[in-house]
Amino acid sequence: MSAVGFPAYPPTGTATRGAVRRGQSWWARAWVRAMEEFALDAGPLKKGRAYARTGRVGSITVSPGAVQARVQDDDGEMYHTVVSLEPLTDDEWDRFLRVLASRSGRLAALLTGEMPRDVVAAAVDADVSLLPGIGDLEPECDCPTWDLPCLHAAALSYQAGWLLDADPFVLFLLRGRSREQVLDALRGLSSPGPAASDPSVDTAPDPADAPVSAPRRGAAPSGPRVLGELPPPPDVPETPSAADLLLGVPDRTADGTPVDLAGLRAVLAAAALSAAERLTALDR
């Protein structure tokens, strides 16, 4: 896989210095934090931030597993500096992309330069480490200092955070997949219908998708039913008096219309059956 090159950042002015000295996005801050919390001495970090702001870092090359550049020292000497991050395995990528593809809207967000937190949550669900943690970034430099990270690696790490601010796909490239590979995989996994050639995909119809026919009157429910929205609850009737209970249900209404008692009982039985089915389905 070919590497991607980025031009050197020019020196920043005093007015913008505070705004750009660290990554502003949450995923860039996670990168910077992994580097800073690994450092044993705050001195190289402070000087590395100054180097990042004053244009001491040359053009940056990002490839799977590494970000590298030449960094100029105070005496004009140029040192080759690398910060490494272990790429994901093919199996880890497959698990991660499958989970990510199942979460709608993530592809569009990535294309606009955003890294939704749900992307990292998808990595966690797939048992994959996407963002680096403490000790995951490995700095190397051919300068004579023993500091880890040295000020040159610190400067490169801060500017790598700026790259992540502008394009979260830089992180995917460091983990082993290019922008095009990630997008192609997500589009393929998000397309409707499973691939018939993939034996791992279950193509059997889901019983829940089968049409639901109305049960025959008096027949017991024969399996789960797909229910729509529940109707609004009816008004609670007033409690009947003892006299009403003793008299029973009249066979005529107040205006003299005959009441079909057998039909009324059938309607009540059907309503009770429907209520029981709904409660059973909600309980599953």
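## Close-up views of helix 6 and the aromatic residues

**View 1. Helix 6 and its packing partners.** The buried residues of helix 6 are in contact with four other helices: helix 2 (26-36), helix 4 (90-101), helix 5 (106-111) and helix 8 (169-174). Please keep in mind, as you look through these views, that this is a predicted model.

**View 2. The two sides of helix 6.** Which residues of helix 6 are buried? Within this helix, which spans residues 117-125, they are Val-119, Val-120, Ala-122 and Ala-123. These residues sit on the same side of helix 6 because the arc they cover around the axis is only 150 degrees. Now turn to the face directed away from that buried side: here you will find Arg-117, Val-124 and Asp-125, which are exposed. Follow the chain just past the end of helix 6 and you reach Asp-127, whose phi is positive, at about 60 degrees.

**View 3. Trp-26 with its neighbours Trp-27 and Arg-117.** Searching the whole structure turns up 6 aromatic pairs. One of them joins Trp-26 and Trp-27 in an edge-to-face arrangement, with 5.8 Å from centre to centre and 90 degrees between the planes. Are these two tryptophans buried or exposed? Trp-26 has a relative accessible area of 17%, so it counts as buried, and Trp-27, at 3%, is buried as well. Trp-26 has a charged neighbour too: Arg-117 lies over its face, 4.4 Å from the ring centre. This is the Arg-117 that appears among the exposed residues of helix 6 in View 2.

**View 4. Trp-93 and Phe-172, a link between two helices.** Trp-93 and Phe-172 make a tilted aromatic pair, their planes 50 degrees apart and their centres separated by 6.1 Å. What does this pair tie together? Trp-93 belongs to helix 4 and Phe-172 to helix 8, so the pair connects parts that lie 79 residues apart in sequence. Trp-93 is buried, with 1% relative accessibility, and Phe-172 is buried too, with a relative accessible area of 0%. Step back a little and both rings turn out to be members of one aromatic cluster, made up of Trp-93, Phe-96, Phe-169 and Phe-172. Helix 4 and helix 8 are also among the partners that the buried residues of helix 6 pack against.

**View 5. Arg-56 over Tyr-51.** Here is another arginine placed over an aromatic ring: Arg-56 lies over the face of Tyr-51. How far is Arg-56 from the ring centre of Tyr-51? The distance is 4.6 Å.

Key: Residues are numbered from 1 along each chain as its sequence is written. This is a predicted model: local features need pLDDT of at least 70, side-chain atom pairs count only at pLDDT 80 or more; totals for chains, interfaces and linings use all residues. Side-chain values use heavy atoms; hydrogens and water are left out. Buried means under 20% relative accessible area, exposed over 50%, partly exposed in between (1.4 Å probe, protein chains only). The arc is that of the directions from the helix axis to the C-beta atoms. Contact means heavy atoms within 4.5 Å. Rings of Phe, Tyr and Trp (its six-membered ring) pair if their centres lie within 6.5 Å; planes under 30 degrees apart count as stacked, over 60 as edge-to-face and the rest as tilted. A charge sits over a ring if NZ of Lys or CZ of Arg is within 6 Å of the ring centre and within 35 degrees of the ring normal.
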